[in-house]
Amino acid sequence: MKASYNWLKEFVDFNLPHRELAHTLTMAGFEVEAIEEVEDDIIFDIGVTPNRPDCLSIIGIAREISAVLDLPLKDVNAEIRKQEGGGPLIEIKAPDLCLRYSSRTITGVKPGPSPEWLVIRLEAHDIRSTSNIVDITNYVLLETGQPLHAFDLDRLAGNKIVVNRAGNENEFHTLDNEKRTLNKDTLLIWDDEKPVAIAGVMGGLNSEVSESTRNILLESAFFNPVSVRRTSKFINLKTESSYRFERGVDMIGVKSALDRAACMIADIAGGKVSHITDIYPDPYTPRKLCVKYKKINSVIGIDIDESFVENVLTGLGFKIKREGDGIVVTPPSFRQDIQRDVDIIEEVVRLYGYDRIPSTLPAVQMISAPVHKTQEAIKSIKNAMVKSGFSEAINYSFLNPEIMDKLNIPPEDRRRKTVFIKNPLRKEEEAMRTTLIPALLNNVSLNLNRGAKTLRLFEVSRVFLPSGQKLPDEVIQMCAIYHKDMSASIWDDKHDGFYDLKGVLENLFSELGIRDYSFIQEATSCEPYLHPGKSCAITVNGEKTGSLGTLHPSVSTAFDISGNINILELYDIEKIQKAVSPTPEFVSLPRYPYVERDLAIVVSKDITVGQAKETITGIDSDIIEAVSLFDIYTGKPVPDNKKSLAFSIRYRASDRTLTDSEVDVLHSGILRRLEENLKAELRT
Amino acid sequence: MLNEILSIKNLAGEEIKKACNLKDIQDIRIKYLGKKGVLTGRMKSLGSISKEDRPEYGRTLNESKNFIEDLLNRQEEQFRSTELNQSIQTQRIDVTVPGCFVPFGHLHPVTQTLDEITAIFISLGFNVEEGPEIELDFYNFEALNMPRDHPARDMQDTFYINDDVVLRTHTSPVQVRVMEKNIPPLRVIAPGKVYRCDADVSHIPMFHQLEGFMVDKDIRMTDLKGMLELFVHSVFGIDTSLRFRPSFFPFTEPSAEIDISCVICKGTGCNVCKGTGWIEILGAGMINPRVLEMSGYDPDLYTGFAFGLGIERVAMLKYGIDDIRLFPENDKRFLEQF
Ligand SMILES: [Zn+2]
């Protein structure tokens, strides 16, 4: 809401420079967002909160100033000196949507340009001057907050106004020359035959005041706020009028605004003002609210002087009566926001000044604050990832559903069943994501395009999966992506990034205290966007909880990224959190020495390290402490279809020192087992 | 006989003195003390010495052996240390070659800011609670005193899933969900993502908020002031001033907006604070009794306060980030600065 310094001064005789006045308004809850200096005047841009439609007017703001500064507020001059002829014919057929309709005709007007002062004032408040009659209705709207409309009386069939719903009328030409589609509940202003305005929003082209207009009908009304709001949304048209009507105008002020405009029109454009027609079947009944002084002080936290309370409320137009240990307050009709005692308490502390109340800390009862386990798990995961060199990304939760094709996601996959947004900002952001992968791939692409080489990114965020309920399932996932630049380091680091990422996960599980996990490689890919031969599922406690693998080459191409890209995904952090073991249990350190023996075997290439290891540990013995792989070798002299695996096996008994001969027996037993089960040969 | 031994001893002494390296020492050791060494031979023939001469002869032999051994050891030690010193002199690595390590990653600045703020409130005894990001219109609006067709809904541009479901526009619905299930006293913070249908140079459609609230007997507006002062001082320093202005939120009454003195210009006026010296950072207020009633609390018995703040905004001020659109971009060069 724009407000002129000079105009405000017409109502309150304050003696404050404009910057101080701006500060005063801001500290009273009317934030001055901008100050513009124009010729001979200063224009404030004031943020008026939706609960204060009364301050969408110069008088409203002036009233606040008068209350804060304790100065008298002057009245608007709205006295009509001479009323000639009867009031116009008005009929309300939708009394639920139109609670008051006041009207006068003015006959013999001379439309023309407005006087300069009026033009300047309107333009300073962002309203373009058209002609004197329309300008005056706008001027009174700014001054009082009451929207008004002037019809060309001679273009109203039967010289009559009917207020009624649109019914079957489904189109209307508004005076901005747009065709508007209506619904049956849209409230319209009709004449005897046709609609002439959309009530509270905009008038029609068919009854617009023009240069040839001689007689006008002036409308000042109270329309149902919800109805105006719905209409304004439905036809997608927001006007100065609709903005005020939907917040609620002053039921009592309807008449005085009409009179104020009629006076001004008669003064400036000439003409004779008729008597009033005021259809007001159910006059406004004031509310009475009781406020205890004790309550005021207990909510705010300090003792505020009773006379201050009474003075401030009176200044704001409230009527007050002392009663017992409190007051009975009657708020004015323009303060529909005042509904209960706290609303009055707010008025008191608002004008007392928030800055004047002291700071205290609450005296509270101690309560236990349990640790939020999921949050803790997320924190551990994030910290472990950071220690492993990964930086955290946070992406929008939006998804372009078309991207599912790029990821090779099959049609029946749950992740295709996205939640759609009715009003997305962009088509590519029309769904809520069901996977974190595409956003991270886009991050990789963006970073590579900007010259990054090695990239380690991860994200922990929610995805939104169909649940069959009103709200989808929100599942917290983790996804990490590693783009390895094979030429980046002088240090020996030429292996596939898959193993780096696998190591990161194993470290992460160790940090979380998850011990029972495995990597399962199936004949087919565990995820359609992963390379079928270079990926695996991750299980925790036997349940599939994630995937790890190299990005499928076709997905790389679809996202226009290349290089060694590996992805780690954990599907449900809350589930994983439940597998986190509590405090670790101490195991005594071994008391007897160990014996370490190496074992190098040659096996067929399709035998995995995991199979070999399981074969070793599968032997019936309790003295194998650890088996570690230290070499994989292919090439001469190992035959083409074979590879050599070298393990170091550590033997230890918990109750004695092992003898060489018992280790020898077991070690050769292991070799025999490898020979029998895997057709392994001892490498010589 | 004795003279012979003494001359062997002297000869050995001479040779040891002339030795040039460890190899020479080794040779001398073998020559005199080895299995077939000169002195070893004499030791073996001790039996052929007459009984009366044997003790003295034996003693002289032993003394000579010890003398030579000692001399050899000392000389050997000498050579070893010289050799070590020489080899150390020639061994040199280039310490300017980069270290071998995987550099640590970085938490997103939003996470770091959120963690810092969360820690402050946890230390004050607040619980962390969460709610859904796709939320019922009821919790996001209606239970917060914003019925359908209420103009206050215009304060937040909303993404709709359907007529009853929205992307939450603030973290305040968590307040209602918590109050529905618990009885006072309550001290809760609810961090999380929120969504607004708005994107331009200073708005992104998804950002982070932290909602905090407290419900108990005798919670006063002065307590809200004190709590927020404590929080602002923890994050921005004790020198930061606060300014409480009246405002409007449907779910609080009285409502306030809180400005802090500009952390960039220290209140003298700059671009960030648009020359005012103040930056708006928090929305807060006493929980509207109507909201308490809707959760089944007696507003005559309980009062409470609530506040909400935008995390990106705090992060921007804390780190001096000048463009909010950098947060969702995840440029490595941005992330690695924090
Ligand atoms: Zn500044």
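This passage looks at a zinc site in chain B and at the contact between chains B and A in a predicted model.

The zinc ion is held by four cysteines of chain B: the SG atoms of B:Cys262, B:Cys265, B:Cys270 and B:Cys273 serve as its protein donors, at 2.2 to 2.3 Å. Along the sequence, these donor residues follow the pattern C-x2-C-x4-C-x2-C. As for geometry, the angles subtended by the 4 donor atoms run from 104 to 114 degrees, so the arrangement counts as tetrahedral. For tetrahedral sites with four donors, the ideal angle at the metal is 109.5 degrees. Among the zinc donors, B:Cys265 and B:Cys273 are both buried.

Turning to the interface, 93 residues of chain B and 91 residues of chain A take part in the contact. Putting the two chains together buries about 7,700 Å², with carbon and sulfur atoms giving 57% of that area. On the chain B side, the residues that lose the most area to chain A are B:Ile134, B:Asp149 and B:Pro246, which together make up 9% of what that side buries.

There is plenty of polar chemistry to go through here too. Between chain B and chain A, 44 residue pairs are in polar contact, counting pairs with both residues at pLDDT 80 or more. The two chains are also linked by 9 salt bridges. One salt bridge pairs A:Arg462 with B:Glu130, whose closest N and O atoms sit 3.8 Å apart. As for secondary structure, helix α8 of chain B (residues 221–236) gives the most to the side that touches chain A, contributing 8 residues.

Technical notes: Residues are numbered from 1 along each chain as its sequence is written. Chains are lettered from A and ligands numbered from 1 in the order in which they are written. This is a predicted model: local features need pLDDT of at least 70, side-chain atom pairs count only at pLDDT 80 or more; totals for chains, interfaces and linings use all residues. Side-chain values use heavy atoms; hydrogens and water are left out. Donors are N, O and S atoms within 2.8 Å of the metal (3.2 Å for Na, K and Ca); water is not among the atoms, so sites may look incomplete. Four donors count as tetrahedral if all angles lie between 85 and 135 degrees; four count as square planar and six as octahedral if opposite donors are over 155 degrees apart and all others between 65 and 115; anything else is irregular. Buried means under 20% relative accessible area, exposed over 50%, partly exposed in between (1.4 Å probe, protein chains only). Contact means heavy atoms within 4.5 Å. Buried area is the accessible area (1.4 Å probe) that two parts lose on being put together, summed over both. A salt bridge is a side-chain nitrogen of Lys or Arg within 4 Å of a carboxyl oxygen of Asp or Glu. A polar contact is a pair of N or O atoms within 3.5 Å; within protein, one must be able to donate a hydrogen and the other to accept it, and residues adjacent in sequence count only if both atoms are side-chain atoms. Helices (H or I, at least four residues) and strands (E, at least two) are DSSP runs, numbered from the N terminus.
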